[in-house]
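Morning, everyone. I have one structure to go through today, and I will keep to what can be read from the coordinates. Please have a look at it first.

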Amino acid sequence: VNILAGGPQQISSENLRRHLTIGGLIVPSVDNLTGEFVACDWNTRHQTYAASSALQAEYYISSLKLAPFSMTIKYDLPTEVRTCAGLLARACPLMSFMAVIRRPVAVAEDDRTLSLASAIPTCGLAPEDDYNRAFQHALKTQDFEVHTFTSTADVGKIDHLVFDGRDQTKPKFGLEFLHFGDKRQRKEHAMRFTEESMDTYRKAASNALVVLC
């Protein structure tokens with residue numbers, strides 16, 4: 001509660017900072033992060049901790065402002081989405097089953113016939129493009145600029161490029177959706193991010209492979 005109300009700070013209890021971090025409520029506050037993982041020594045008392053997720057903190061803060069708590073929040077919570085995981089945290093709650101299947105993708109079978117891709121079950125899940133369109137819609141309702149490539153018409157291109165509102169020249173996030181399949185298929189999709197020939201997979205500053213299951 002003190003971190004939510006006052007911003008990043010030290011936690012005196014070793015057990016408390018360990019349980020809150022493992023529980024996903026706080027993370028060590030690190031400046032100039034260069035890698036994916038951060039070594040954390042629970043015995044370091046001078047380490048400061050911050051809220052782990054801006055979206056999660058925003059939810060708790062809005063509750064703490066209401067009665068019977070009516071807390072005064074002095075901390076200006078940063079709301080900028082910095083990771084693909086943070087982006088998914090904002091989109092996935094809006095991607096209900098109905099939100100996915102109510103936007104079926106039309107696929108041309110020949111010059112005169114169109115069929116609905118959603119009518120074809122794939123691994124017990126809706127087709128990938130249905131998830132893509134639901135994801136795009138969920139982000140656009142939150143004012144994100146999203147460029148989505150369909151797997152049926154844009155073969156070999158990443159599914160989503162998401163742009164920062166301040167810079168429309170270089171995408172900030174790149175996300176590739178994939179149905180859960182065998183290990184070889186997942187590895188092949190992951191390797192696309194390093195392939196020189198697949199330029200759309202190399203444009204974004206941060207990328208993620210999202211496995212649908």
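I will start with the overall make-up, then take the sheet near the start of the chain, the cores, and a few single residues.

One thing to say early is that this is a predicted model. The protein has seven helices and nine strands. Of its 213 residues, 33% are buried. If you take contacts between residues at least 6 apart in sequence, 56% of them join residues at least 24 apart.

Now the sheet. Three strands form an open sheet in the order β1-β3-β2, and the pairing is antiparallel. The edge strands are β1, residues 9-10, and β2, residues 26-28, and each of them pairs on one side only. As a reminder, strands of a sheet pair through backbone hydrogen bonds, either parallel or antiparallel. Between β1 and β3, which covers residues 48-51, the antiparallel pairing runs over two bridges. Q10 is the residue opposite T48 of β3.

Also in strand β3 is Y49. Is Y49 buried or exposed? With a relative accessibility of 0%, Y49 counts as buried. Its C-alpha atom is 8.5 Å from that of V30, and those two residues are 19 apart along the chain. Helix α2, residues 14-22, lies across β2 and β3 and runs at about 110 degrees to β2.

Next, the cores. How many residues are in the largest nonpolar core? That core has 23, and the members with the most contacts inside it are L87, Y131, F135, L139, V162 and L175. Two or more residues each come from α4 (84-91), α6 (128-140), β8 (167-179) and β9 (206-212). The biggest contribution is from α6, which gives five residues. A second core, separate from that one, has seven residues, including F149, L161, F193 and A204.

Let me stay with α6 for a moment. This helix has 13 residues, so at 1.5 Å a residue it should span 18 Å, and its end C-alpha atoms are indeed 18 Å apart. The buried residues in α6 are E128, D129, D130, Y131, N132, A134, F135, A138 and L139. Charged residues appear in that list, E128, D129 and D130 among them.

After α6 comes a loop leading to β6, and D143 lies in it. Phi of D143 is near 70 degrees, a positive value in a residue other than glycine. D143 counts as exposed because its relative accessibility is 72%, and the cut-off for exposed is over 50%.

That takes us to β6 and β7. Strand β6, residues 145-148, pairs with β7 in the antiparallel sense over four bridges. H147 stands opposite L161 in β7. Why call β7, residues 160-164, largely enclosed by the rest of the structure? Because five of its five residues are buried.

In a regular strand the side chains alternate between the two faces of the sheet. In β7, H160, V162 and D164 point one way, while L161 and F163 point the other way. V162 belongs to the largest core, whereas L161 belongs to the second one. Setting aside residues up to four places away in sequence, V162 touches L87, L139, F144, E145, V146, P171, K172, F173 and L175.

On to C84, which sits in helix α4. At 5% relative accessibility, C84 counts as buried. Which residues is C84 in contact with, leaving aside its neighbours within four places in sequence? They are F173, G174, L175, S206, N207 and A208. C84 and F173 are 89 residues apart along the chain, yet their C-alpha atoms are separated by 6.3 Å.

Last, the aromatics. The count comes to two aromatic pairs. One of them is F193 with Y201, an edge-to-face pair at 5.3 Å centre to centre, with 80 degrees between the planes. Both partners are below the 20% cut-off for buried, so both count as buried: F193 at 16% and Y201 at 0%. F193 is also one of the residues of the second core.

That is what I have; I am happy to go back to any part of it.

Technical notes
Residues numbered from 1 in each chain as written. Heavy atoms only, no water. Pairing = 2+ DSSP bridges. Contact = heavy atoms within 4.5 Å. Axes fitted to C-alpha atoms, helices over the stretch in contact; angles between N-to-C directions. Phe/Tyr/Trp six-rings, centres within 6.5 Å; stacked < 30°, edge-to-face > 60°. Buried < 20%, exposed > 50% of the residue type's maximum accessible area, 1.4 Å probe, protein only. Core = buried A, V, L, I, M, F, W, Y, C linked by side-chain atoms within 4.5 Å. Expected span 1.5 Å × (residues − 1).
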